[in-house]
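Please read the briefing below with the sequence and the structure side by side. It is arranged by topic, in short points.

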Amino acid sequence: MKVTLIGFMGCGKSTVGKELSKLLNLPFIDLDQEIVERTGKSISELFKILREEGFREIESSTLKELLLKEESFIISAGGGTPAYGKNIKVINALSESVFLKTDFETLWERICRDPNRPLVKLGKEKVRELYFKRLPYYQRAKFTVECDGKSPEEIAREVAIKLSLPGRSGRATQKGQGDRT
Ligand code: S3P
């Protein structure tokens, strides 16, 4: 089984991914970290050198290559990943997708002082627009977990419970259904 965690910047994809990895005893991959290791450049450097379009191309090809592997693992996507190209279709076709849903104000408080997230420089209102533009893509995940007020451990436990509900994953994969929460 492959599990892809999606959601906006600051929703805790990497932290929850590590917790889930312990719970399910599966390896954890952070897509951004994988890109940094493969290119030898930070995400901010890649945005500067290649502009966002160039970064998105690397992001899509790395994601697809990883999800096509045979092994089971948990992967955290970048906040923008599901909204570009065919990424959300690829994610849903090749993995169990989980949207970590978090209120925008909570997210902004977490990300607004982070120099490693180049898009934060756009400012709060533009980032809010981006959040609402991306929501329909996140909502296409097979599962959604409401994250406000919960610890990463609690969220990981909820994800694990949703993933283990009998029969759901098979039906979703075959019919390509949208959000079934
Ligand atoms: C981005 C989110 C980042 C990273 C890049 C672009 C986005 O990942 O991929 O800075 O477009 O929202 P996180 O969601 O892990 O911060």
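**Salt bridges around helix 2 and helix 3**

Arg38 has a relative accessible area of 40%, so it counts as partly exposed. This value, like the others here, is computed from a predicted model. The points below begin with the charged partners of Arg38, then turn to other topics.

- Arg38 lies in helix 2, which covers residues 31-39. Glu34 lies in helix 2 too, four residues from Arg38, or about one turn of the helix.
- Glu34 and Arg38 form a salt bridge, and their closest N and O atoms are 3.0 Å apart.
- Arg38 also forms a salt bridge with Glu65, where the closest N and O atoms are 2.9 Å apart. This pair joins distant parts of the chain, since Arg38 belongs to helix 2 and Glu65 to helix 3, with their positions 27 residues apart.
- Glu65 has a relative accessible area of 41%. Buried would need a value under 20% and exposed a value over 50%, so Glu65 is partly exposed.
- Within helix 3, Glu59 and Arg56 meet through their side chains in a salt bridge of 2.9 Å, taken from N to O. Glu59 and Arg56 are three residues apart, about one turn of the helix.
- Are Glu59 and Arg56 buried or exposed? Both Glu59 and Arg56 are buried.

**Salt bridges in the whole structure**

- How many salt bridges does a search of the whole structure find? The search finds 13 salt bridges.
- Salt bridges also link Glu105, Lys124, Glu125 and Arg128 into a network.

**A positive surface patch**

- Lys64, Lys86, Lys89 and Arg140 form a positive patch on the surface.
- One of these residues, Lys64, sits in helix 3, which covers residues 43-67.
- Lys64 has a relative accessible area of 43%, so it is partly exposed. A patch residue needs over 30% relative accessible area, and the 43% of Lys64 is therefore enough on that count.

**Aromatic rings**

- A search of the whole structure finds seven aromatic pairs. Among them is the pair of Phe104 and Trp108, with ring centres 6.4 Å apart and 20° between the planes.
- A pair of aromatic rings is described by the distance of the centres and the angle of the planes.
- Why does the pair of Phe104 and Trp108 count as stacked? Planes under 30 degrees apart count as stacked, and the angle here is 20°.
- Phe104 and Trp108 both belong to helix 5, residues 104-111, and are four residues apart, about one turn of the helix.
- Phe104 has a relative accessibility of 4% and so counts as buried. Trp108, at 11% relative accessibility, also counts as buried, because the cut-off is under 20%.
- Which residues form one aromatic cluster with Phe104 and Trp108? The cluster also includes Phe8, Tyr131 and Phe132.

**Ser14 and Ala77**

- Ser14 is in helix 1, which covers residues 13-24.
- Ser14 has a relative accessible area of 24%, so it is partly exposed.
- Ser14 and Ala77 are 63 residues apart along the chain, while their C-alpha atoms are separated by 8.6 Å.

Methods
Residues are numbered from 1 along each chain as its sequence is written. This is a predicted model: local features need pLDDT of at least 70, side-chain atom pairs count only at pLDDT 80 or more; totals for chains, interfaces and linings use all residues. Side-chain values use heavy atoms; hydrogens and water are left out. Patches are made of residues with over 30% relative accessible area and no salt bridge: like charges are joined within 9 Å, nonpolar side chains (Val, Leu, Ile, Met, Phe, Trp, Tyr) within 5 Å. Accessible areas come from the Shrake-Rupley method with a 1.4 Å probe; for residues, only the protein chains shown count as cover. A salt bridge is a side-chain nitrogen of Lys or Arg within 4 Å of a carboxyl oxygen of Asp or Glu. Lys and Arg count as positive and Asp and Glu as negative; His and the chain ends are not counted. The place of a charge is taken as NZ of Lys, CZ of Arg, CG of Asp or CD of Glu. Helices (H or I, at least four residues) and strands (E, at least two) are DSSP runs, numbered from the N terminus. Buried means under 20% relative accessible area, exposed over 50%, partly exposed in between (1.4 Å probe, protein chains only). Rings of Phe, Tyr and Trp (its six-membered ring) pair if their centres lie within 6.5 Å; planes under 30 degrees apart count as stacked, over 60 as edge-to-face and the rest as tilted.
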